[in-house]
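Subject: Structure for you to look over

Hello,

Here is the structure I promised. Please open it first, then read the notes below.

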Amino acid sequence: MPDDVAASLAASVRGAMIAPAGCGKTWTIARAVTDHGQGRDLVLTHTHAGVDAIRRRLCEFRCPSASVHVDTIAGWCLRLAASFPVTSRISTPKPRTNAEYSEIYASAARLLHMRPYREILRASYTSVYVDEYQDCTKEQHAVILSIADSLTCRVVGDPLQSIFAFRDRPVVDWNTDVRSQFADVTGPSDPQRWLNTNPELGAWLLGIRPQLEQGLPIALAGSPVKLIQVGDSRYLQPTQVKACFEVAKDVDSRVVAIHNRREQAYKLASQLRGQYSCVELVELNELHSAAENIDQSHGAQRALAVLDFAELCLTAVGPAMKTQRESIASGQRTRSKKCREQREALDAVASAGSPESIADALTALRAIPDAVLYRREPLDEMRRACRALSEGEAPSLAEAAWVVRNRTRQRGRKLPRCAMGTTLRVKGLEFDHAVVLDPSQYDAQNLYVALTRGARSVSVVSTTSTITPRPRKQNSGTPYRRLAPSAAHTEES
């Protein structure tokens, strides 16, 4: 990849660069910091997976660790606000909800508007880079603008990958919010992700961007994408299952199956004999809710709360434990010998209620014959929370779950070889093979994200050979409006 792209980014005082998926956003930022840094740079992104990717690139380029600090926007703002709690008026040092994080951003911005903290910022860093800027919420955008008032600032992103917009968390509009504050910088346009694995696929994915930006249909027939067409919609799900099994046969590769709906992704993963495990959101709200339910219950109700959580992660638990559940709820013994080991483990939870008994019960429930673990991460995190509670790291299971989850955020998580998830959960991740399931449900942004996850191959299971992106829902962010050809040439050619 030519270094002049990184040099152009580094030379901008307040610049914005667009880079398509797989064309080297991370490479460009890391090279700009390594080769053109003038002191200590701050690099911000949204996820810890993104932090890990940037750090790996910096390490590859042998960038001195003292010359750069890489963090998530949320983590950096939290540390800033928590360091000056009185002035920032921080509401909580342990935010969990979107509303609490919005308050953290407001607290950080409050500090950055004051001269003493601007001076601290200038003394700490010489410039800032922000990756995946299309995913910035309005609150995060306000924080970055406050930083840009004190430091040289460059932002990098791709509006066609903007899929994080929600009604209560609108994201930036690249045309109105970004271009009004930052000057355009020519970005990379070579599909590096596919250069050595499937250059034809990479060129095709780059070529369909103008169509997707305009919401036009995408023809899959004759493309480098493997089309698995289903003539009758009644056979769509069995075909999806078969396609997932087929692509997983390449045992030396990493595979992702992508569904637009979370519930359908869970359901499909549960039918794949444990071969696929679901990619979870970093927040993992089910873990925290279950931990709170267990904390707030006692005796038989605590045992039932543990059983409820196990059913979220494992198949076969509900039917296998039906009789035992009824007897626990009624407080009566049962003569059934079925799942006796699991019943004894739950009885220990009811009588002792200790974190050790909870972990033992989860282990016993995992051993139910024919049980398939398709949500491995929440089950493993709950076990870790039990261990953290027993070792005195937290006063309650809910607090222990927060400690454990925060640790996972910082250290990163190991993804399964075969992953199942929505576009929201796999965005920013790269796999060898991707299977896109039921693409008729996707808007242009989600379709583009799904199609660009596989570096070696992409398979699409569809009832039609032409995919027409759905219109984007209201209040979910404004689609990127492509520039006129004369203005867009340097960015998109």
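Two strands count as paired if DSSP finds at least two bridges between them. By that rule, E9 and E11 pair, in the parallel sense, over 4 bridges. Please keep in mind that this is a predicted model.

**The sheet with E9 and E11**

These two strands belong to an open sheet of 6 strands, with parallel pairing. The order is E8-E13-E12-E9-E11-E10. Strand E8 (226-229) and strand E10 (277-278) stand at the edges. Each has a single partner strand, so one side of each is left without a neighbour in the sheet.

Start with E11. Val255 stands opposite Cys418 in this strand. On the E10 side, the pairing is again parallel, over 2 bridges. There, Ala419 of E11 is the bridge partner of Ser277.

Which way do the residues of strand E11 (residues 418-421) point? Cys418 and Met420 point one way, Ala419 and Gly421 the other. All of them are buried. In a regular strand the side chains alternate between the two faces of the sheet.

Next, E12 and E13. Strand E12 (residues 431-437) and strand E13 (residues 454-462) are parallel and pair over 6 bridges. Val436 faces Val460 of E13. His433 stands opposite Ser457, also in E13.

E13 has a parallel partner in E8 too, joined to it by 4 bridges. In that pairing, Ile228 has Val461 of E13 as its bridge partner. E13 is mostly covered, with 7 of its 9 residues buried.

Helix H23 (residues 444-451) lies across three strands: E9 (255-259), E12 and E13. The helix runs at about 140° to E12.

**A closer look at Ser462**

Ser462 lies in strand E13. Is Ser462 buried or exposed? Its relative accessible area is 3%. The cut-off for buried is under 20%, so Ser462 is buried.

What does Ser462 touch, not counting residues up to four places away in sequence? The list is Leu227, Ile228, Gln229, Val230, Pro439 and Ile467. There is a polar neighbour as well. A polar atom of the Ser462 side chain lies 2.7 Å from the backbone oxygen of Thr464.

**The other 6-strand sheet**

Another open sheet of 6 strands has the order E3-E2-E4-E5-E1-E6, with parallel pairing. Strand E3 (68-72) and strand E6 (183-185) are at the edges. Each of these has a single partner strand, so one side of each is left without a neighbour in the sheet. From one strand to the next, the twist averages 20°.

Strand E1 (residues 14-18) and strand E5 (residues 152-157) run parallel and are joined by 5 bridges. Arg14 stands opposite Cys153 in E5. Helix H8 (residues 138-148) lies across E1, strand E2 (41-45), strand E4 (127-130) and E5. H8 runs at about 145° to E5.

**Helix H19 and its cover**

How far apart are the end C-alpha atoms of helix H19 (residues 355-366)? They are 17 Å apart. At 1.5 Å a residue, the 12 residues should span 16 Å, so the two values agree.

Many of its residues are listed as buried: Pro355, Ser357, Ile358, Ala359, Ala361, Leu362, Ala364 and Leu365. What covers them? The cover includes helix H14 (285-296), helix H15 (300-313) and helix H16 (317-320). It also includes helix H18 (340-351), helix H20 (376-390) and helix H21 (397-411).

**The cores**

The largest nonpolar core has 42 residues. Leu346 and Met382 have the most contacts inside it. H14, H15, H16, H18, H19, H20 and H21 each supply at least two residues of this core. H15 gives the most, with 8 residues.

Leu346 is worth displaying. Leaving aside neighbours within four places in sequence, Leu346 is in contact with Ala303, Val306, Leu307, Met321, Ile328, Ala361 and Leu365. Ala361 and Leu365 are also among the buried residues of H19.

Apart from this core lies another, of 38 residues. Its members include Ile73, Trp76, Leu112 and Val155.

Best wishes

Conventions
Residues numbered from 1 in each chain as written. Predicted model: local features only at pLDDT ≥ 70, side-chain atom pairs only at ≥ 80, totals over all residues. Heavy atoms only, no water. Contact = heavy atoms within 4.5 Å. Axes fitted to C-alpha atoms, helices over the stretch in contact; angles between N-to-C directions. Expected span 1.5 Å × (residues − 1). Buried < 20%, exposed > 50% of the residue type's maximum accessible area, 1.4 Å probe, protein only. Core = buried A, V, L, I, M, F, W, Y, C linked by side-chain atoms within 4.5 Å. Polar contact = N/O pair within 3.5 Å; in protein donor to acceptor, adjacent residues only side chain to side chain.
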